[in-house]
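Take a look at the sequence and the structure below. Then read on for a short tour.

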There are 2 protein chains.
Amino acid sequence: MHIPSKFKETNLDTLHKFIQDYPLGTLITSIENLIDADHIPFYLKTQENGQVTLQSHIAKANPLWKTCSEGQEILLIFNGPNTYISPNFYPSKKEAGKAVPTWNYSVVHVRGRIHFKHDSSWIFQLLNDISDVHELSQNIPWSVSDAPEDFTKKLVSAVVGFEVIIENMVGNFKLSQNKTESDYSGVINGLTHSESSADISVAKQMQNNQHAANK
Amino acid sequence: MHIPSKFKETNLDTLHKFIQDYPLGTLITSIENLIDADHIPFYLKTQENGQVTLQSHIAKANPLWKTCSEGQEILLIFNGPNTYISPNFYPSKKEAGKAVPTWNYSVVHVRGRIHFKHDSSWIFQLLNDISDVHELSQNIPWSVSDAPEDFTKKLVSAVVGFEVIIENMVGNFKLSQNKTESDYSGVINGLTHSESSADISVAKQMQNNQHAANK
């Protein structure tokens with residue numbers, strides 16, 4: 001991935017938070033020269049020794065656990081919101097007209113190796129961890145223990161767990177950091193007045209990123 | 001990509017519309033066994049003979065146009081909104097408790113071959129086409145001709161165009177189609193009452209998908 005230096009994000013806390021906020025990963029493999037990708041939610045696990053790994057599971061019906069070798073190198077992508085940026089948003093455009101459209105987005109790329117987990121207690125623990133995190137916003141959080149035990153057991157036996165041991169992680173937060181302060185604010189203003197939820201999400205991200213940069 | 005049959009979308013009009021709605025593509029290559037990906041907005045071009053291709057451009061600073069062979073096979077992914085689905089959303093959960101969380105999302109995968117374009121008039125036409133499409137929602141749509149000609153010429157010379165000749169296209173619209181009508185409506189209802197824009201976007205997509213299925 002080509003990342004201009006102004007957009008490059010390497011702070012691990014920021015990257016981890018991004019994955020927690022946008023946990024649907026694109027898991028990309030290249031097997032016998034065929035690129036393929038699956039879309040799977042991930043759980044960012046901090047191990048007791050402080051190591052951070054990414055855990056998930058797939059249905060046994062998904063052939064990935066058979067075609068992909070143990071320890072194979074994979075690329076994982078996490079996507080934030082994205083949207084079109086009109087030159088109309090830049091106050092500087094009014095002066096000399098020197099402005100063109102662009103697209104703002106933010107992504108995190110993780111390179112690592114995949115290890116499959118067939119142990120039902122490992123899978124059961126993951127199901128608990130990932131549910132607990134996502135149920136936090138519910139009025140009455142659902143818990144794995146709410147489902148009948150034989151039902152859960154059957155489901156656990158129908159999936160294969162896996163863990164990605166992270167070798168490298170980088171963010172490409174393309175959020176107008178190459179613009180002047182005035183044009184940056186102009187983009188936030190333009191997006192905030194839009195009716196598109198993607199526009200508003202990108203505006204929020206630009207605001208957060210600006211605060212982080214000013215710290 | 002593993003796609004259960006209920007989620008599989010092959011209608012070309014639907015897939016084209018999806019790409020137009022979510023045009024930021026993930027362009028994935030595998031060069032000398034290294035998987036890599038760039039994130040680039042695409043323009044869906046209908047040629048005079050009716051053939052549909054995907055056009056875009058990259059900065060010359062991006063080495064892709066040098067490392068990637070002419071006509072190389074690539075995988076392109078377009079992502080719609082996605083979100084967590086709580087078992088609390090299913091009315092059927094109240095009866096037997098047999099429910100677990102899942103994640104709803106929709107993606108389109110395009111397999112094709114990439115052809116680079118160095119002709120400035122080709123690039124200029126693309127810049128016009130892609131701007132015109134995205135400026136439609138602006139009160140006063142910006143046009144390439146609004147920028148000074150020498151400025152535009154300089155920009156055109158700093159990018160490389162490319163076109164993806166499509167060989168295969170498939171959608172994975174994982175939007176609770178495997179649920180009963182009552183649980184499907186429960187999910188839409190649960191997501192609609194959320195404060196998260198991703199939830200509301202997925203709810204809208206489920207409504208559109210339901211209408212399309214009922215046609």
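How many of the 215 residues of chain A count as buried? The share is 37%. A residue is buried if 20 or more other C-beta atoms lie within 10 Å of its own, exposed if 12 or fewer, and partly exposed in between; the C-beta atoms are placed from the backbone.

This is a predicted model, in which local features need pLDDT of at least 70, side-chain atom pairs count only at pLDDT 80 or more, and totals for chains, interfaces and linings use all residues. Residues are numbered from 1 along each chain as its sequence is written, while chains are lettered from A and ligands numbered from 1 in the order in which they are written.

**Confidence.** pLDDT is the predictor's confidence in each residue, from 0 to 100. Chain A has a mean pLDDT of 94, and 99% of its residues reach 70 or more. The model scores ipTM 0.96 and pTM 0.96.

**The fold of chain A.** Chain A holds seven helices and nine strands. Helices (H or I, at least four residues) and strands (E, at least two) are DSSP runs, numbered from the N terminus. The C-alpha trace of chain A spans about 70 × 45 × 35 Å along its principal axes. Two residues are in contact if their C-beta atoms, placed from the backbone, lie within 7 Å. Among contacts in chain A between residues at least 6 apart in sequence, 71% join residues at least 24 apart.

**A hairpin.** Strands β2 (residues 24-31) and β3 (residues 34-41) of chain A run antiparallel, joined by eight bridges. Two strands pair if DSSP finds at least two bridges between them. Thr29(A) has Asp36(A) as its bridge partner in β3(A). β2(A) and β3(A) form a hairpin with two residues between them. Glu32(A), in the turn, has a positive phi of about 50°.

**Positive phi in two loops.** Here are two residues, one from each chain.

| Residue | Loop | Phi | C-beta neighbours inside 10 Å | Class |
|---|---|---|---|---|
| Ser176(A) | between β9 (159-174) and α6 (181-192) of chain A | positive, about 65° | 24 C-beta neighbours | Ser176(A) buried |
| Asn33(B) | between β2 and β3 of chain B | positive, near 70° | 8 C-beta neighbours | Asn33(B) exposed |

**Inside.** Phe78(A) lies in strand β6 (residues 73-79) of chain A. Phe78(A) counts as buried because it has 24 C-beta neighbours inside 10 Å. Phe78(A) and Val108(A) are 30 residues apart in sequence, but 5.1 Å apart in space, C-alpha to C-alpha. A nonpolar core is a set of buried Ala, Val, Leu, Ile, Met, Phe, Trp, Tyr and Cys residues joined through C-beta atoms within 7 Å. The largest such core has 92 residues. Ile28(A), Leu76(A), Val108(A), Ile28(B), Leu76(B) and Val108(B) touch the most other members.

**Where the chains meet.** The contact takes 48 residues from chain B and 48 residues from chain A. On the chain B side, β3(B) gives the largest share, six residues. By class, that side of chain B has 26 nonpolar, 17 polar and five charged residues. Ala, Val, Leu, Ile, Met, Phe, Trp, Tyr, Cys and Pro count as nonpolar, Asp, Glu, Lys and Arg as charged, and the others, Gly among them, as polar. The copies meet through the same surface, because 100% of the interface residues of chain B are also interface residues in chain A.

**Symmetry.** A turn of 180° and a shift of 0.0 Å along the axis lay chain B on chain A with an RMSD of 0.0 Å. The two copies are therefore related as by a two-fold rotation axis. In chain B, Ser197(B) has the C-alpha nearest the axis, 3.0 Å from it. Copies are superposed by least squares on the C-alpha atoms of residues with pLDDT of at least 70 in both.
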